[in-house]
Amino acid sequence: MTIGSLLGAIGQGFIWGVMVLGIFITYKILNVSDLTVDGSFATGGAVFAITLLAGFNPTFCLLLAMLAGGVCGLVTGILHTKFKIPAILAGILTQLGLYSINLRILGDKANVSISQLNTNITFIAQLLNLAHTRAGMILGIIVSISCVLLLYFLLGTEFGASIRATGNNEKMIRALGVNTDNIKLFGMILSNMLIALSGAMLVQMNKYADVGMGKGAIVYGLASIVIGEVFFRRFSNFGIKLLSSVFGCIVFFIIRAVVINLGLKANDMQLISAIIVVIALAMPIFKENINIQRIGKLNSLNEMKQNKSSDLTVKEKLDKKISSEMGGGIDA
Amino acid sequence: MLKLRNIYKTFHAGTINERRALDDINLVLNDGDFVTVIGGNGAGKSTLQNVISGTINPDFGTVEINGEDITKLPEHKRAKYIGRVFQDPMLGTASDMWIEENLALAFKRGEKRSAFKWMINGDNTQFFKTQLAKLGLGLEERLKTKVKLLSGGQRQALTLLMSTLKKPDLLMLDEHTAALDPKTASLVLGLTKEIIEKSNITTLMITHNMRDALSYGNRLIMMDQGKIIFDVSGSEKQKLTVEDLLRKFNQTKDAPSDAMLLG
């Protein structure tokens, strides 16, 4: 693998890392599975591409993409909190509907090119005299690190702590006066805003928007979180946890680059990431089974020992009996 | 002051499983009342608490606190008035958060939570420490410990402290020592009594333990089939014995069958 493709993978990792942060908010902090991701990621990309083509400033287009993502999150959030539809189903419904909407946004085309237009990445590339992918990496680093910092400070505030508490013990925080429905709604909006932002940045990087660009994004995100957890298991500080999910995303894209380098296709990554997530989720069960087997072995070892020692005690008892009888005899 | 008027609640209305959980409940708790509630399973004790806390809505009737009608307020808006401790020690605290974070969350019960103010800012740390020290469990030295590392008894004591950290107009204890071993239970009950008496908190305590119901509080309520069948306070309550209560219990259980036999 060349340095170039490694740096490319790291750049992709930072850009997708913003999406992973979004998934982290719902999946890890709020403890709800929001599957809107696959749709809202593409919505962000589509809105960015179309508004950019309409001649708006690229940074403004990024904000519009985030706004569109926020609306996606709002829809899922209302389905879940107001209509009490299970979160997973609510997300799937929104995602399904978004496919049609995303096609409409893109003007009934499966993909739209923006290769001739100026973006934040081309701006950075000109400013620092860098190649396109390197400039994309810089953008990814700036945005993902600022998102980590913003989220870290938000989650540490009084309001943010009630978000964490909602994911941790909903009944308790409601008894302390927090409207947990609104917290979930807020979390889903914020999450999908970040996801759409990530999608918009990916469009800048790839220079085109594709209606299928969000396919499998949720699994990529979960895989990244899981990988991050492997590296940062010992840390309980949520700032580190946020960083670890971005880091996990970078590792994920490096693995992806390696896999492609080994001759597999990019599309194989969907299967590989699914397997990574399955292994990670099944790990506690594996560990438990191994533990049970070890306990079984230890117990049987212990039994053998006890059998031996009980033999000994029988002997000892006999010895004692004999000696006491003899002693008694001597006394008498 | 808590005032319940004509509260009715029926579950599964119109089905074969129809059950009247609360049947015309009228109850006034005066400020500083420490009321123990006893009754068999399905007597309506928990439903009563759920109606007061807003977890379920009554079919009819009004709930008032300090003269304010809160019948239509959702659960989270009633938190301003009510502190709660649940039976399950796991339910009262956020396990993945520090002791200090839990206390800080509880200290803002029913208040607006700022998105710009850092929660753990050291302002209240000393206050939290002195409050924790009163529990006598050494938790004041473990502010940055995650609550999941505490035992059930420690967690319940912490929940009790959290629910009274900001004085509530009403404290509701739902069999809060039932899941603890006898020694821990008596420790938590002792703390409960101490905190309630020191701050003169109006309290409604559900219990299955008749001896606890007699030895704690200034008033006792017995429920059966959704009704309050016995309400005694002051010196009259002090004279009560477990035998009296058992007799009362058996009367309620046997009354319908006797009636059937005679009828």
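B:His12 counts as exposed because 9 C-beta neighbours lie inside 10 Å, a count that falls within the limit of 12 or fewer set for exposed residues. In this predicted model, B:His12 is found in the loop between strand 1 (2-11) and strand 2 (19-29) of chain B, and its phi is near 50°, a positive value in a residue other than glycine. A positive phi in a residue other than glycine also occurs at B:Glu175, where the angle is near 45°. B:Glu175 belongs to the loop between strand 7 (170-174) and helix 6 (182-199) of chain B; with 20 C-beta neighbours inside 10 Å, B:Glu175 counts as buried, since the criterion for burial is 20 or more.

The strands that flank the loop of B:His12 take part in an open sheet of four strands in chain B, which has the order 2-1-4-5 and antiparallel pairing. Strand 2 and strand 5 (68-69) of chain B form the edges of this sheet, each of them pairing on one side only. At one of these edges, strand 4 (residues 60-65) of chain B pairs with strand 5 of chain B in the antiparallel sense over two bridges, and B:Ile65 has B:Glu68, in strand 5, as its bridge partner.

Parallel pairing is found elsewhere in chain B, around strand 8 (residues 203-206). Strand 3 (residues 34-39) of chain B pairs with strand 8 of chain B in the parallel sense over four bridges, and B:Thr36 is bridged to B:Met205 of strand 8. Strand 7 of chain B likewise pairs with strand 8 of chain B in the parallel sense over four bridges, with B:Thr203 of strand 8 as the bridge partner of B:Leu171. The connection from strand 7 through helix 6 to strand 8 of chain B makes a right-handed β-α-β unit, and the loop that holds B:Glu175 lies between strand 7 and helix 6 of chain B. In a regular strand the side chains alternate between the two faces of the sheet. Strand 8 of chain B is covered on both faces, with B:Thr203 and B:Met205 buried on one side and B:Leu204 and B:Ile206 buried on the other.

Helix 3 (residues 99-107) of chain B is also mostly covered, eight of its nine residues being buried. The buried residues are B:Ile99, B:Glu100, B:Glu101, B:Asn102, B:Leu103, B:Ala104, B:Leu105 and B:Ala106. Their packing partners come from both chains: helix 7 (158-168) and helix 8 (170-175) of chain A, together with helix 4 (125-135) and helix 5 (152-165) of chain B.

Between the two chains, 21 residues of chain A are in contact with 25 residues of chain B. On the side of chain A that touches chain B, helix 6 (132-156), helix 7 and helix 8 of chain A each supply at least two residues, and helix 7 of chain A gives the most, with eight residues. By class, this side of chain A has nine nonpolar, eight polar and four charged residues.

Within chain A, the domain assignment gives domain 1 (3-266) and domain 2 (268-332). The C-alpha centres of domain 1 and domain 2 of chain A lie 50 Å apart, and eleven residues of domain 1 of chain A are in contact with nine residues of domain 2 of chain A. Helix 10 (217-231) and helix 11 (238-261) of chain A each supply at least two residues of the side of domain 1 that touches domain 2, the most coming from helix 10 of chain A, with five residues. The residues on this side of domain 1 of chain A divide into eight nonpolar, one polar and two charged.

The largest nonpolar core contains 157 residues, of which A:Leu21, A:Phe48, A:Ala65 and A:Leu197 touch the most other members. Helix 1 (residues 3-29) of chain A gives the most to this core, with 14 residues. When residues up to four places away in sequence are not counted, A:Ala65 touches A:Gly44, A:Val47, A:Phe48, A:Ala196, A:Leu197, A:Gly199 and A:Ala200.

Terms used:
Residues are numbered from 1 along each chain as its sequence is written. Chains are lettered from A and ligands numbered from 1 in the order in which they are written. This is a predicted model: local features need pLDDT of at least 70, side-chain atom pairs count only at pLDDT 80 or more; totals for chains, interfaces and linings use all residues. Two residues are in contact if their C-beta atoms, placed from the backbone, lie within 7 Å. Domain bounds come from an automatic or database domain assignment. Ala, Val, Leu, Ile, Met, Phe, Trp, Tyr, Cys and Pro count as nonpolar, Asp, Glu, Lys and Arg as charged, and the others, Gly among them, as polar. Two strands pair if DSSP finds at least two bridges between them. A crossover is right-handed if, with the strands pointing away from the viewer, the path from the first strand over the helix to the second runs clockwise. A nonpolar core is a set of buried Ala, Val, Leu, Ile, Met, Phe, Trp, Tyr and Cys residues joined through C-beta atoms within 7 Å.
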